[in-house]
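Here's a quick briefing to read with the model open beside you. Have a look at the chains first, then work through the bullets by topic.

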Amino acid sequence: MTSSPQPGIDLATRTEALESLLVERGLADAKTIETFIGIYETQVGPMNGAKVVAKAWTDPEYRARLLDDGTAAVAELGFKGPQGEHVVVLVNTPTTHNVVVCTLCSCYPWPLLGLPPSWYKDGAYRSRVVKEPRSVLAEWGTELGADVDVRVHDSSSEVRYFILPERPAGTESLSEAELAALVTRDAMVGVAKVPAP
Amino acid sequence: MTAVVHELDVEGPAAPPRANGELVFDQPWQGRAFGLAMALTERGVVAYDAFRDHLIARIAAWEADPPGDEPYSYYAQWLQALEDVLAEQALIATADVVARAEAYAVRPAGHDHGHEHGHDHDHHH
């Protein structure tokens, strides 16, 4: 174990020091670092996952492939990369509501959803959703009847869970792109439902 | 295990994740620390799983004995895990990081360190 950062040295300075050493020793270059920050901040986001959901809603054969082998089906749309290697898709229905957590750290299907939001990494969510999922979901505005089976899934390095939410009523006439615009990150983590348009 | 994120087809009319979003990084250094880890794992300098093991250990250690005077910071754990895995693999000794950081910390205010990236990573709600 290494020591904690020294008092008086802020983490920004420490990060800068680490980066300069990595660049100096040829272990990383600034351009690659910038590239990754840019990709995750601006390009990869929940819209990738939303496209997967919209396609599954409109294409029954794709839906079947997605449930059979999530990793392969999302790769069909070009979504792959670190933390996207073992995607398992769970279907939310009127009688079964799945919600995802990573109790150990913050495992999350980055290529589909981008970087995890702060609440997903927060200790309160990570412990409470396991113990009292209905209360946590209610706080998100997701009220579930007593007849609904609530299942909590713990993502890990082996499996990254991804939720296929219910398609909201009144969306029969929408195109795949219009449907994708409705799908929220929170619905694909399972803390919320997709709102009707 | 090659990262191919930059080959993703991510065009489309939907706006970037801000619509659903909140800040990805609270401060620019967090984005730098994130980018460092991704660049190192992408190039295979560090295995992602090895890094993740240290991240889990750091988070667990913090939660087991939270320092009273310090709020939890995910990216503080992230940065320390990155230092841990680099030290473990004898790539960068932690003492070297500390020495470099101490040298940077005493730079005069307003210095031009020609290294001022990160400021464009601020977001707005």
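Before anything else, a word on exposure: buried means under 20% relative accessible area, exposed means over 50%, and partly exposed is what lies in between (1.4 Å probe, protein chains only). This is a predicted model, so local features need pLDDT of at least 70 and side-chain atom pairs count only at pLDDT 80 or more, while totals for chains, interfaces and linings use all residues. Residues are numbered from 1 along each chain as its sequence is written, chains are lettered from A and ligands numbered from 1 in the order in which they are written, and side-chain values use heavy atoms, with hydrogens and water left out. The model comes with an ipTM of 0.72 and a pTM of 0.61.

**Salt bridges**

- Over all chains, the structure holds 14 salt bridges (a side-chain nitrogen of Lys or Arg within 4 Å of a carboxyl oxygen of Asp or Glu).
- One of them pairs Glu76(A) with Arg65(A), at 2.8 Å from N to O. That pair links distant parts of the chain, with Glu76(A) in helix 5 of chain A and Arg65(A), eleven residues apart from it, in helix 4 (residues 60–68) of chain A.
- Glu76(A) counts as partly exposed because its relative accessibility is 43%, and Arg65(A) is partly exposed too, at 36%.
- Arg128(A) has a salt bridge to Glu132(A), 2.8 Å from N to O. Arg128(A) also forms a salt bridge with Glu139(A), where the closest N and O atoms are 2.8 Å apart.
- Glu139(A) sits in helix 9 (residues 133–139) of chain A and Arg128(A) in helix 8 (residues 123–131) of chain A, so this pair ties together parts that are eleven residues apart in sequence.
- Of these partners, Glu139(A) is exposed at 56%, whereas Glu132(A) is partly exposed at 31% and Arg128(A) is partly exposed at 26%.
- Elsewhere, salt bridges with shared partners join Glu19(A), Glu34(A) and Arg32(B) into one network.

**A buried loop residue in chain A**

- Phe79(A) lies in the loop between helix 5 (70–76) and strand 1 (87–91) of chain A. Helices (H or I, at least four residues) and strands (E, at least two) are DSSP runs, numbered from the N terminus.
- Phe79(A) counts as buried because its relative accessibility is 2%.
- Its C-alpha is 7.2 Å from that of Asn48(A), although Phe79(A) and Asn48(A) are 31 residues apart along the chain.

**Helix 4 of chain B**

- Helix 4 (residues 94–105) of chain B has twelve residues and spans 16 Å from its first C-alpha to its last, close to the 16 Å expected (1.5 Å times one less than its number of residues).
- Its buried residues are Thr94(B), Val97(B), Val98(B), Arg100(B), Ala101(B) and Tyr104(B). They cover an arc of only 165° around the axis (taken from the directions to the C-beta atoms), so they lie on the same side of helix 4 of chain B.
- The cover over these buried residues includes helix 1 (11–24) of chain A and helix 3 (74–88) of chain B.

**Confidence in chain B**

- The average pLDDT (the predictor's confidence in each residue, from 0 to 100) of chain B is 70, and 66% of the residues score at least 70.
- Residues 1–23 of chain B have pLDDT below 50, and beyond near neighbours in sequence this stretch has 51 contacts (heavy atoms within 4.5 Å) in the model.
- Residues 112–125 of chain B also stay under 50, with 21 contacts beyond four places in sequence.
- Where pLDDT is low, the predicted coordinates should not be read in detail.
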